[in-house]
Amino acid sequence: MTAWLITGGAGFIGANFARMAAARHAGPLVVLDALTYAGNVANIADLIEARRVQFHHGDICDAALVDRLFATYRFDCVVHFAAESHVDRSILGPQPFLRTNIGGTHVLLDAARRAWNGEAGRRFIHISTDEVFGDLEPGDPPFAERTPYRPSSPYAASKAAADHLVRVWQRTYGLPAIVINCGNNYGPWQFPEKLIPLMILNAVEGRELPVYGDGLQVRDWLHVTDHCRAVMAVVEKGEVGHTYLVGGDEPRTNLEVVSYICRAVDGALDRAPGTSEKLIRHVKDRPGHDRRYALDSSFLRGSLGWRPLEKLETALPALVRWYLDHKDWTDAVRSGAYRQYYERQYAER
Ligand code: NAD
Ligand code: DAU
């Protein structure tokens, strides 16, 4: 029975992955999560209760704790999601991003290297982002595995540094590591500081929808379950030393995404069409804002047979319904600290 360590498994993507792993992997699953503002044990409470997941509240920067977990569980696989993940917060204060995303990744890499000591059959899967590549001009081809790194935000720079460490540990120390660079995820349990859940909840509550700048920035959207299926395929069949890019082939401007959300919210609440669109307000742009992302996932598709199953526009009504049905959760995660952040981020825009 092989044991897997899932770092950041109480966050958005990590919790969705833990859920998928609990259904597909027979061995022990251990979640290590520091429960920052973005982590919430409620996201996996049912898995913990059913003893499908063993939860450890702790910090990936705590080398003694990480070593202890490796000694106790003898992990065969690490799936490393834990990170500070929000670009706007990284602009307000980069330090926690450097600490967790770079320092924490280093702690995990070293612990895995020492524990595995070259033994076969191990895997370290590092979850990264397309933001490490910077942005694209309108006619540029999509990001590919060999696109040079050109990060724009403190978040992206910290993820780029972590990716470099992972590749160095693979090449120099022989750590069986794989990097996954993914585009923008959407789906249940996403913390409502990110575009899609923030716009859903604001539209539901009749509050302004703050679109940065002209709203024509393009992101490549992917449903979180499609991302998790890609991660699962890489865990099971991915080739050590490779990089896998994961995109949904769904390039959309932010204004298009917000329009879809407005339609889905008006539909769910039986409002007159166009009601929520009136809430859109263009606000001051994000500093250093990347204009366009696009990913070429052909290596993943060709080598592992993966393809995305969801489409943004058709998935959004169900997602709106999910947020409406999880009001206790959204109220809890938007407590005092969230309100302070929201005020700081949006009041002056
Ligand atoms: P998230 O912010 O929702 O969750 C991050 C989780 O990590 C939280 O549960 C948090 O408590 C935990 N964490 C933070 N610091 C920690 C520390 N020092 N020790 C232990 N746990 C800690 O993030 P997410 O959106 O689920 O992203 C997960 C990963 O996927 C990140 O590495 C992110 O860079 C990457 N990624 C995210 C997206 C996206 O669209 N959300 C896209 C591509 C890649
Ligand atoms: O591309 C992958 C990345 O996607 C991940 O690595 C990050 O962890 C994740 O947060 C996400 O980063 P983005 O900056 O693209 O996501 P965000 O949801 O913050 O913003 C999406 C777009 O919407 C971006 O162009 C900024 C814009 N935006 C965002 C917010 C929160 C707005 O116009 N208004 C807003 O209020």
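This report walks through a small sheet, the helices beside it and three loop residues in a predicted model.

**The sheet**

Three strands make up an open sheet. Their order is 7-9-11, and the pairing is mixed. Strand 7 and strand 11 are the edge strands, each with a single partner strand, so each has one side without a neighbour in the sheet. From one strand to the next, the twist averages 50 degrees.

Strands of a sheet pair through backbone hydrogen bonds, either parallel or antiparallel. Both senses occur here. Strand 7 covers residues 184-186 and runs parallel to strand 9, with three bridges joining the two. N184 has W221 of strand 9 as its bridge partner. Y186 is partnered with H223, also in strand 9. Strand 11 covers residues 251-253 and pairs with strand 9 in the antiparallel sense, over three bridges. There, R252 of strand 11 stands opposite R219.

**Strand 9**

How many residues of strand 9 are buried? Strand 9 spans residues 218-223, and six of its six residues are buried. The side chains point two ways. V218, D220 and L222 face one way, while R219, W221 and H223 face the other. Residues pointing either way are buried, including the charged D220 and R219.

Helix 9, made of residues 254-268, lies across strand 9 and strand 11. Helix 9 runs at about 85 degrees to strand 11.

**Helix 1 against helix 8**

Two packed helices are described by the angle between their axes and the distance between the axes. Helix 1 covers residues 12-24, and helix 8 covers residues 224-237. Their axes come within 9 Å and cross at roughly 55 degrees. Helix 1 and helix 8 are therefore oblique to each other. The crossing is right-handed.

Which residues make the contact? Helix 1 supplies F12, I13, N16, F17, M20, A21 and R24. Helix 8 supplies V224, T225, H227, C228, R229, V231, M232, V235 and E236. By type, the residues of this contact divide into ten nonpolar, three polar and three charged.

**Three loop residues**

L35, D76 and D270 each lie in a loop. The table gives the place and relative accessibility of each residue.

| Residue | Loop between | Relative accessibility |
|---|---|---|
| L35 | strand 2 (29-33) and helix 2 (45-49) | 27%, partly exposed |
| D76 | helix 3 (63-73) and strand 4 (77-80) | 16%, buried |
| D270 | helix 9 and strand 12 (280-283) | 73%, exposed |

Why does D76 count as buried? Its relative accessibility is 16%, and buried means under 20%. D76 also touches T2, A3, W116, G121, R122 and R123, leaving aside residues up to four places away in sequence.

Why does D270 count as exposed? Its relative accessibility is 73%, and exposed means over 50%. L35 is partly exposed at 27%.

L35 and D270 have a backbone feature to look for. L35 is not a glycine, although its phi is positive, at about 50 degrees. D270 is a residue other than glycine too, and its phi is positive, near 55 degrees.

**Where to look**

Start at strand 9, which is joined to strand 7 by three bridges and to strand 11 by three bridges. Then find helix 9 across strand 9 and strand 11. Move on to helix 8, which crosses helix 1 at roughly 55 degrees. End with the loops that hold L35, D76 and D270.

How values were computed. Residues are numbered from 1 along each chain as its sequence is written. Chains are lettered from A and ligands numbered from 1 in the order in which they are written. This is a predicted model: local features need pLDDT of at least 70, side-chain atom pairs count only at pLDDT 80 or more; totals for chains, interfaces and linings use all residues. Side-chain values use heavy atoms; hydrogens and water are left out. Buried means under 20% relative accessible area, exposed over 50%, partly exposed in between (1.4 Å probe, protein chains only). Helices (H or I, at least four residues) and strands (E, at least two) are DSSP runs, numbered from the N terminus. Two strands pair if DSSP finds at least two bridges between them. Axes are lines fitted to C-alpha atoms, for helices over the stretch in contact, and angles run from 0 to 180 degrees between N-to-C directions. Angles under 35 degrees count as roughly parallel, over 145 as roughly antiparallel, 65 to 115 as roughly perpendicular and the rest as oblique. A crossing is left-handed if the near helix is turned anticlockwise from the far one by less than a right angle, and right-handed if clockwise. Contact means heavy atoms within 4.5 Å.
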